[in-house]
Every structure is written in structure tokens, then in C-alpha cells.
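Welcome, and thanks for taking a look at this one with me. Below are some numbered points to read alongside the picture.

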Amino acid sequence: MAVSSKTKKRFALATALRGLLMLLAGIYAVVWPIEALAVLVLFGGILLIIDGVLGLWSLTFGGGKSGNYWFDVVANAASLILGILILISPLLATIFTVTFMSVLVGLAAIVVGVMQIVVIVRERESYARIWPVVLSGVAYVLLGLVFLLFPLLSASIGMIIGGILLIVFAIGLFGWAWRLYQASRAA
């Protein structure tokens, strides 16, 4: 199926628009990292709700059973409750935005890291190499400790790094949009 020149130009325009949005978000995150983090917390609340609902649905109706059923139920319920609290009480979310979320991220990273290490060590007979997963678990634990010890700094640096990555991705999208536009002119 051949794609018309007009359709290719629309693809190029849509890709350029995506790049522009990424560029603006990246610049915002680099210049105003704390304000960008506040916006991200609200989006995070939405994502927590979606994650909790889908996780509980999967456990209840989707056949998503694992060996840690009650842990999964509690984790998904906590995700749902936390997301609702963030969206229902913007004042609470604003007060605790940086420190609270950094502590939560730090605790979650530590829990995930410890769980990775425990599970891989417990089931090591099933794997040829366990060291990559153990290193990943240790990295999660260390990241969690950094977030717990330096919450504001960690969040600000994370936003700046995320902003830089968005800017780099935007440049890539602009290049892709240009190639799409050139292809539409050649057709």
C-alpha cells in the first residue's frame, strides 16, 4: 500500500510537533526543575491510579497470578490509594511534593532492589547467571538510599537529567521529521 505525499507531510508535521512538545518540556524541566516536578507529581498520581486499577483487575479477572499474590494485592491497592490521595488533595500533594515523593521513590527503589536480590537468590538454580540481577538490585537499593538521604537534590537532578534527555529526544524527532518531509517531496 503506497502512502501519498500528503500523508507523508502530515506524518512529518506530527513528528515535528512531537519534537517541539518534547523540546519545550525538556527546557521547562532544565530551567525550572522543581516546578516541573510538581507537574510530574500530578501526572504521577494519574499513573498510580491507572497502575493500581489495572494491577488489581489483572489479579482479579486477568489471570495475572504470581507467587506473591498478597504482596501484589497490597502493592496495587497502595498504588491506587496513593494516586487518589495525590489527585484529591492537591494541597497535600503540594506540601509533600518533592520530599514526600522522593522518599516514596527511595523506599520503593529499596523494596524493589531487595525483592530482586531475594527472588534471584532463592531461584538461582533457574538462571545461568544471577550477578546481573543482583547488581541491578544493589543499584536499586543505592538509588533508594540517595533519594532518602538527599530528596530535594535527587529530585532536582533527576528532573534536569530528564529534561536533557527530552531535549536530545526532541532533536532526534526533528531529524526524523525532516527525513519524512524530504521523502514526501521526493514522492
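Leaving aside its neighbours within four places in sequence, which residues is Ser-154 in contact with? Point 1 has the reply, and the later points move outward to the whole chain.

1. Ser-154 is in contact with Val-146 and Phe-147, once neighbours within four places in sequence are set aside. Please keep in mind as you look that this is a predicted model. Ser-154 is found in helix H7. Its relative accessible area is 11%, and Ser-154 counts as buried because that value is under the 20% cut-off.

2. Ser-156 is worth a visit next, as another residue of helix H7. Here the relative accessible area is 14%, so Ser-156 is buried too under the 20% limit. Not counting residues up to four places away in sequence, Ser-156 touches Pro-33 and Ile-34.

3. Now for the nonpolar side of things. The largest nonpolar core has six residues: Ala-29, Ala-36, Leu-37, Val-98, Ala-155 and Met-159. At least two of these core residues come from helix H2 (33-60), and at least two from helix H7 (151-186). As background, nonpolar side chains tend to be buried together in soluble globular proteins.

4. If you would like one core residue to explore by hand, try Ala-29. Its contacts, leaving aside neighbours within four places in sequence, are Ala-36, Met-159, Ile-160 and Gly-163. Of these partners, Ala-36 and Met-159 are also listed in the core.

5. Stepping back, the protein has seven helices and zero strands. Read along the sequence, the pattern is α-α-α-α-α-α-α. Among contacts with a separation of 6 or more, 78% join residues 24 or more positions apart.

6. How does the overall size compare with a compact globule? The radius of gyration of the protein is 21 Å, whereas a compact globule of 187 residues would have one near 16 Å. The C-alpha trace spans about 60 × 45 × 35 Å along its principal axes.

7. Buried residues make up 24% of the 187 residues. The accessible surface of the protein comes to about 12,200 Å², and carbon and sulfur atoms hold 78% of that surface.

8. A last stop is charge. The protein has 11 positive and 5 negative charges, and the mean positions of the two sets lie 24 Å apart.

Methods. Residues numbered from 1 in each chain as written. Predicted model: local features only at pLDDT ≥ 70, side-chain atom pairs only at ≥ 80, totals over all residues. Heavy atoms only, no water. Helix = DSSP H or I, 4+ residues; strand = E, 2+ residues; numbered from the N terminus. Rg over C-alpha atoms; globule rule 2.2 N^0.38 Å. Buried < 20%, exposed > 50% of the residue type's maximum accessible area, 1.4 Å probe, protein only. Contact = heavy atoms within 4.5 Å. Areas by Shrake-Rupley, 256 points an atom, 1.4 Å probe, with all protein chains shown as cover. Lys, Arg positive; Asp, Glu negative; His and termini not counted. Charge placed at Lys NZ, Arg CZ, Asp CG, Glu CD. Core = buried A, V, L, I, M, F, W, Y, C linked by side-chain atoms within 4.5 Å.
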